[in-house]
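Visitor: I am new to this structure and would like a close look at a single part of it. Could you take me slowly through the largest pocket and what lines it?

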Amino acid sequence: MNQHSAGLAIIFAGAVVVVIGLLVWFGALRWFGSLPGDIRIERGSARFYLPLVSMLLVSVVFGIVWAFFLG
């Protein structure tokens, strides 16, 4: 990877982070983290949260994007 393509990759990654940040700010991703299959246990003052399905979704999306750019 030369400097030009590395620079474009960094700019693209930054643009993606900005878009995701705007979506979070405007509340468009409010559903994320409360999908069916995400485990949330609250008892008294103790809380346990395991975003199982949400992280599986993130993994699948990143895998597809990674395969798209490498393949």
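Guide: What follows describes the largest pocket and its lining.

This is a predicted model, in which local features need pLDDT of at least 70 and side-chain atom pairs count only at pLDDT 80 or more, while totals for chains, interfaces and linings use all residues. Residues are numbered from 1 along each chain as its sequence is written, and side-chain values use heavy atoms, with hydrogens and water left out.

The largest pocket has a volume of about 650 Å³. Here a pocket is an open set of points on a 1 Å grid over the protein atoms alone, where a 1.4 Å probe fits and protein lies on both sides within 12 Å along at least five of seven lines, and a lining residue has an atom within 4 Å of a point; the volume is the space filled by probe spheres set on the points, which are joined across faces, edges and corners. Among the 17 residues of the lining, Val16, Ile20, Val61, Phe62 and Val65 are the closest to the centre of the pocket.

Two or more lining residues come from each of the elements α1 (3–25) and α2 (52–70), helices being DSSP runs of H or I with at least four residues, numbered from the N terminus. The largest share, eight residues, is given by α2. By class, the lining has 17 nonpolar, no polar and no charged residues, where Ala, Val, Leu, Ile, Met, Phe, Trp, Tyr, Cys and Pro count as nonpolar, Asp, Glu, Lys and Arg as charged, and the others, Gly among them, as polar.

Helix α2 also holds Ser54, which is buried, with a relative accessible area of 0% (buried means under 20%, with a 1.4 Å probe and protein chains only).

How values were computed: Buried means under 20% relative accessible area, exposed over 50%, partly exposed in between (1.4 Å probe, protein chains only).
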